[in-house]
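Here are some notes to read alongside the model, written for someone opening it for the first time. Please keep the 3D view at hand as you go through the points.

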Amino acid sequence: MADPRTILRDLDRLDTPVSWSDVRRRTPGPPPPEPRRTGRLLGIGVAFAIAAAGILLLVRAFVLSPGGPTNRGPISVPAPPTPLSFTSPNTPWTFEYPSGWSVATTRRADPSFMANMLRTVVANGPLPDRAGDFGPNSGGDSELTSALGDSGAVVLVERFWVHAAGIGGEPRGPGPFARDAQSPGWTFRERARCEGTLCFHVIEWLGPKVSDEDRAAAAATAASVRLADVERWTETDGERTTLHDEDDLFTVTYPAAWIPSDRPINTWVSSPREILALATYPLRPGGEAVTDFQLPGNAVEDLGPDDILIWVSEAGTGDGFPARPEHLEPSEPCDEWSRLCPEPTGQAVGVPGIRAWWLGFRDAGRGIYVFVGMGERAYADPARAQLAWDVLDSLRFGPR
Amino acid sequence: MTSETESALERLFEAEGKRIWRALVAYTGDRDVASDAMAEAFAQALARGDEIRSPERWVWRAAFRIAAGELKSRSRGRPLVDDVGYEMPEPPSDLVAMLGKLSPRQRAALLLHHYAGYSTREVGEIVGSSAATVRVHLSQGRRRLKRLLEGSGG
């Protein structure tokens with residue numbers, strides 16, 4: 001499909017019949033209605049209410065009615081449980097769950113791991129200490145299922161992540177319930193949610209004697225899981241960090257000691273728009289223009305001999321930009337501006353002792369500019385310089 | 001209201017009015033609703049005068065909210081784009097009809113982000129949801145539009 005901007009540009013062929021004099025003649029009515037953000041909570045509330053109504057019908061059908069109609073007086077209808085909202089600075093997801101259920105979040109990350117894990121466990125009973133270690137069909141999962149008993153109900157929200165993974169993925173499921181071979185009688189079903197740059201899994205995991213009410217509550221909890229309103233989300237194993245930018249839809253992986261700026265550092269130019277400023281040193285916003293007013297002045301001036309600065313900005317759909325090369329590292333030939341030349345100079349930034357490169361490329365239908373600044377000692381040390389090229393190669397962009 | 005403010009709004013009307021109206025037509029599928037919503041948004045901006053700090057965003061937001069409210073009260077149970085074909089030149093009517101098959105939130109997200117150029121956070125402020133939710137609507141809307149375009153041979 002063509003870029004949505006291009007498709008919607010077709011609307012420009014329509015001509016408006018409204019004139020300024022129409023506006024001037026008009027007597028304004030009441031203020032426009034404010035949109036409401038209660039839809040999600042309302043949906044969850046309805047889900048829990050339906051679950052409660054279902055239980056009530058079952059109770060009436062199988063417990064209260066066997067003897068035929070009798071005058072039992074009014075039946076008190078229990079109010080549906082009020083769902084609680086789970087949000088945490090330690091997770092990129094949010095969901096609604098029944099009051100009285102237990103919640104715990106576990107993180108497992110280490111440079112030696114093939115994949116790192118973040119998992120939130122929600123259950124209808126007290127959780128054992130290592131609850132976050134177990135998922136269905138995993139060795140030893142009976143430690144959790146035994147603790148909850150046959151009437152247990154669990155919802156897992158989990159994300160297994162590796163650095164510099166691609167952006168994308170399709171939501172799927174939930175699939176049918178499957179048997180848990182490690183915990184006889186327990187069943188589970190899974191769904192995937194992918195929003196922005198992040199994908200995660202949601203699992204309903206139920207004991208053989210789970211009540212209908214808890215089964216419905218687990219289903220409602222699982223259905224309510226959403227990406228939290230995070231602008232940026234970082235995942236680290238202590239050695240490297242991956243930053244997910246959910247506003248500008250990109251990810252980047254860098255040495256854990258490097259420092260991304262949490263605000264634009266170029267205060268001169270708004271287009272192209274800065275989306276990432278990352279360096280081996282703290283970045284000061286602002287500063288006078290050096291040679292090129294598009295550069296972040298203070299950040300360039302602060303760059304020391306061992307330092308590296310990577311600064312990324314975006315300009316439109318990248319029409320006319322060269323394609324992104326397979327690797328972003330100095331190479332011959334450097335005759336296209338998507339390629340880094342082997343021997344840059346500091347002339348471009350007007351500050352002695354700084355090696356600097358400018359490059360531009362098109363990725364995911366976006367025009368990307370990258371500036372790399374490097375101190376002389378960093379440039380002379382191939383292992384240190386390689387850190388910069390690895391960071392550039394780790395950049396993944398999603399379509400706007 | 002000062003004459004300066006009124007002049008600024010008139011300049012905004014000249015610069016942005018057509019785009020706002022077109023986006024509203026695509027959002028509502030109804031030229032009358034679009035015209036009414038845009039004129040009302042600007043009229044309300046005129047009435048508020050200097051109270052409005054960012055007139056451009058305010059007018060976009062007000063126009064979409066007025067249109068959404070008007071649409072809700074006018075067209076309960078009625079297809080979104082049942083009568084646009086004879087009023088609009090081809091092919092925008094096809095595009096508007098396809099957009100009409102998206103949910104209102106997907107449609108608003110696509111138009112405000114890809115046509116009006118607002119960030120997902122700003123779109124969230126306009127339609128009253130989070131930036132993350134807007135991104136979901138954008139993603140789903142793009143997928144649906146792609147399928148519709150493929151189905152139409154476009």
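1. A good place to begin is B:Leu24. Setting aside neighbours within four places in sequence, B:Leu24 is in contact with B:Ala34, B:Ala37, B:Met38, B:Ala63 and B:Ala67. Please bear in mind throughout that this is a predicted model.

2. Those contacts lead into the largest nonpolar core, which has 92 residues. B:Leu24 is among the residues with the most contacts inside this core, together with B:Met38, B:Phe42, B:Ala63, B:Ala67 and B:Leu111. Helix α2 of chain B, residues 31-48, supplies the largest share of the core, 10 residues. There is also a second, separate core of 42 residues, and it includes A:Phe250, A:Ala277, A:Ala356 and A:Phe397.

3. Helix α2(B) deserves a look of its own. Its 18 residues reach 26 Å from the first C-alpha to the last, close to the 26 Å expected at 1.5 Å a residue. The helix is mostly covered, with 14 of the 18 residues buried. Just after α2(B) comes B:Gly49, whose phi is positive, near 55°.

4. Now step back to the whole of chain B. What does this chain contain in the way of helices and strands? It has seven helices and zero strands, so you can follow it from the N terminus on as α-α-α-α-α-α-α. Of the 154 residues in chain B, 55% are buried. Among its contacts between residues at least 6 apart in sequence, 63% join residues at least 24 apart.

5. Next, the meeting of the two chains. Here 34 residues of chain A are in contact with 44 residues of chain B. On the chain A side, the elements that give two or more residues are α1 (4-8), α2 (20-25) and β9 (226-227). The largest share, four residues, comes from α1(A). Sorted by class, this side of chain A has 17 nonpolar, 14 charged and three polar residues.

6. Chain A also holds an open sheet of five strands, in the order β13-β14-β15-β17-β16 and with antiparallel pairing. Which strands of chain A are the edge strands? They are β13 (259-260) and β16 (354-363), each of which pairs on one side only.

7. Follow the edge strand β16(A) to its partner. β16(A) and β17(A), residues 366-375, pair in the antiparallel sense over 10 bridges. To check the register, find A:Ile354 opposite A:Gly375, and then A:Trp357 opposite A:Val372. The two strands form a hairpin with two residues between them. In the turn, A:Ala364 has a positive phi of about 55°.

8. A helix packs on this sheet: α8 of chain A, residues 382-394. It touches β14 (273-279), β15 (308-314) and β17 of chain A. The direction of α8(A) makes about 20° with that of β15(A).

9. Finally, compare your view of α2(B) with helix α5 of chain A, residues 212-223. α5(A) has 12 residues and reaches 16 Å from its first C-alpha to its last, close to the 16 Å expected at 1.5 Å a residue. Its buried residues are A:Glu213, A:Asp214, A:Ala216, A:Ala217, A:Ala218, A:Ala220, A:Thr221 and A:Ala222. Charged residues are thus found in that buried list, namely A:Glu213 and A:Asp214.

How values were computed
Residues numbered from 1 in each chain as written. Chains lettered and ligands numbered in written order. Predicted model: local features only at pLDDT ≥ 70, side-chain atom pairs only at ≥ 80, totals over all residues. Contact = placed C-beta atoms within 7 Å. Core = buried A, V, L, I, M, F, W, Y, C linked by C-beta atoms within 7 Å. Buried ≥ 20, exposed ≤ 12 C-beta atoms within 10 Å, placed from the backbone. Expected span 1.5 Å × (residues − 1). Pairing = 2+ DSSP bridges. Axes fitted to C-alpha atoms, helices over the stretch in contact; angles between N-to-C directions.
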